[in-house]
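Please walk through this model with the viewer open, one selection at a time. Each stop says what to select and what is there.

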Amino acid sequence: MTVTQEGARTYQVRTYGCQMNVHDSERLSGLLEDAGYVRAADDDTADVVVFNTCAVRENADNRLYGNLGHLRPAKVRNPRMQIAVGGCLAQKDQGEIVRKAPWVDVVFGTHNIGSLPVLLERARVAGEAQVELKESLEVFPSTLPTKRESAYAAWVAISVGCNNTCTFCIVPSLRGKEKDRRPGEVLSEVQTLVDQGVLEVTLLGQNVNTYGVEFGDRLAFGKLLRACGDIAGLERVRFTSPHPAAFTDDVIAAMAETPNVMHQLHMPLQSGSDRVLKAMRRSYRAERYLGIISRVRAAMPDAAISTDIIVGFPGETEEDFQGTLDVVRESRFANAFTFQYSIRPGTPAATMADQVPKEVVQERYERLVALQEEISWEENKKQVGRTLEVLVAEGEGRKDAATLRLSGRAADNRLVHFTAGDGVRPRPGDMVTVEVTYAAPHHLVADGEVLSLRRTRAGEAWEARQGAPSGGGGVSLGMPTVGRPAPLPPSGCAAH
């Protein structure tokens, strides 16, 4: 359907889940705008509302159907309104969504997000719901139009899908086997983003360090990191998430030797117990994991390392849990995304014996969080007095308006709140140099004068966007909205 800007139908995309889902939503927004839709203002009721769902978290289906129920009165008032549901939950439940919520117009899966505009038009013309789900990828999502959420930082998908069989995870059955993009395609997208003003790129995949398996080069990921170092104007390169079983020393060398690859690593642990790791089908053990940490720190003493941990996996004993606490103590994570295990129908773990009682899981979870909070705070206190270069962000600090501070990310991805001071007006995308004056477990504060301000092409790109016509925020996250791809809980498809 082609429509003009005047009188065009409006849209909103609501996103739940991990980085891959948020990146997919940028594609969905790009597809809709390419088809002539415009973003709805935040306080408007959109003509088209798209839910990009996640199937990993507990009660994901309840949350979806609750949100669909809230939209039903608006749909009754406005028969032109269309509701579409995509993502992992749509791939899993398929026709069940229309049965439970017959006012939904379109259901599409993880393999055919490019079909959304056509399905919306079919539903409009036919006057009935269109359900289309594919069992394999039609086109690599990066070939689709994209509406980037940030002018200065971007995700670039290097692969989709997963070849692992972790017993707690349903994602491989929903996103399929790993498919890799060719290095030239990835680097071309990165170069295009840099030409548009982007300073920071995060390479994204279910298991980024198995990149190259499809075209037979097991060292392809390290080579890709080094190649990013040759792109002029690209200042920061990050990646998420690697799998410890496939983590090789050539990647550590590439991180240490490529100036624009940040000394920051998110590497999921899941458990510190070898017995539990085996039950999870995680093909590494605690000793290997700690060995990787040790080699990363030997090559990059300033590296900030974060992780994912699941508490209360079926059969986990107190001894097993103590093993996790021991690895956390030794690893000294900058931060950790911690999750209480919950049953996911369709996964092998769902039918395992010895499900851990909820009250036991809760008590262990609280002990783990308390330990990690203590470590995070101690590690952050080491930053006090240090001078950091911070990439100024948009919307990172939720209390910035009240504190009169701005916020951004240091090279190691720590969140820094700083006081700009009189006459200093950095834009999102600009770089400031500040001295850390205070540390909290989850952020740093720099309340002295800004030592230097470097105005960047990214800041200019952000400024140019402010003057462009816009209908408001079209991608609404199921979490606090941020102006850059900040660290989101990488559970599920990225938590491997």
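Select Cys 228 to begin: at 0% relative accessibility it counts as buried, where buried means under 20% relative accessible area, exposed over 50% and partly exposed in between, with a 1.4 Å probe and protein chains only. This is a predicted model in which local features need pLDDT of at least 70 and side-chain atom pairs count only at pLDDT 80 or more, while totals for chains, interfaces and linings use all residues. Residues are numbered from 1 along each chain as its sequence is written, and side-chain values use heavy atoms, with hydrogens and water left out.

Next, select Cys 169, which is also buried, with a relative accessible area of 11%. Show Cys 166 as well: its sulfur is the closest cysteine sulfur to that of Cys 169, yet at 6.2 Å it is too far for a bond. A disulfide is defined here as a pair of cysteine sulfur atoms within 2.5 Å, and a search of the whole structure finds zero of them.

Zoom out to the whole chain. There are 15 helices and 22 strands; these are DSSP runs numbered from the N terminus, helices being H or I of at least four residues and strands E of at least two. Of the 496 residues, 58% are buried.

Now select the largest nonpolar core, which has 65 residues. Such a core is a set of buried Ala, Val, Leu, Ile, Met, Phe, Trp, Tyr and Cys residues joined through side-chain atoms within 4.5 Å. The residues with the most contacts inside this core include Leu 203, Phe 221 and Val 296. Helix 11 (residues 286-299) gives the most to this core, with six residues. A second, separate core has 26 residues, among them Leu 64, Leu 89, Ala 101 and Val 107.

Return to the largest core and pick Met 255, another of its residues with the most contacts. Leaving aside neighbours within four places in sequence, Met 255 is in contact (heavy atoms within 4.5 Å) with residues including Leu 225, Phe 239, Phe 247 and Met 300.

Go on to the open sheet of three strands, ordered 12-13-14 with parallel pairing. Strand 12 (264-266) and strand 14 (335-340) are the edge strands, each pairing on one side only. From one strand to the next, the twist averages 10 degrees. Strands pair if DSSP finds at least two bridges between them; six bridges join strand 13 (residues 304-311) to strand 14. To find one facing pair, select Val 311, which stands opposite Gln 340 in strand 14.

Add helix 13 (residues 358-381), which lies across strand 13 and strand 14 and runs at about 175 degrees to strand 14. Axes are lines fitted to C-alpha atoms, for helices over the stretch in contact, and angles run from 0 to 180 degrees between N-to-C directions.

Move along to strand 15 (residues 387-392), joined by two bridges to strand 16 (residues 406-409) in an antiparallel pair. Val 392 stands opposite Gly 408 in strand 16. Strand 16 is also joined to strand 17 (residues 415-418), by four bridges and again antiparallel, with Leu 406 opposite Phe 418. Strand 16 and strand 17 form a hairpin with five residues between them, and Asn 413 in the turn has a positive phi of about 80 degrees.

For the last stop, select Ser 150, in the loop between strand 6 (130-132) and strand 7 (153-157). Ser 150 is buried, with a relative accessible area of 5%. A polar atom of the Ser 150 side chain lies 3.1 Å from the backbone nitrogen of Tyr 152.

Note on methods
A polar contact is a pair of N or O atoms within 3.5 Å; within protein, one must be able to donate a hydrogen and the other to accept it, and residues adjacent in sequence count only if both atoms are side-chain atoms.
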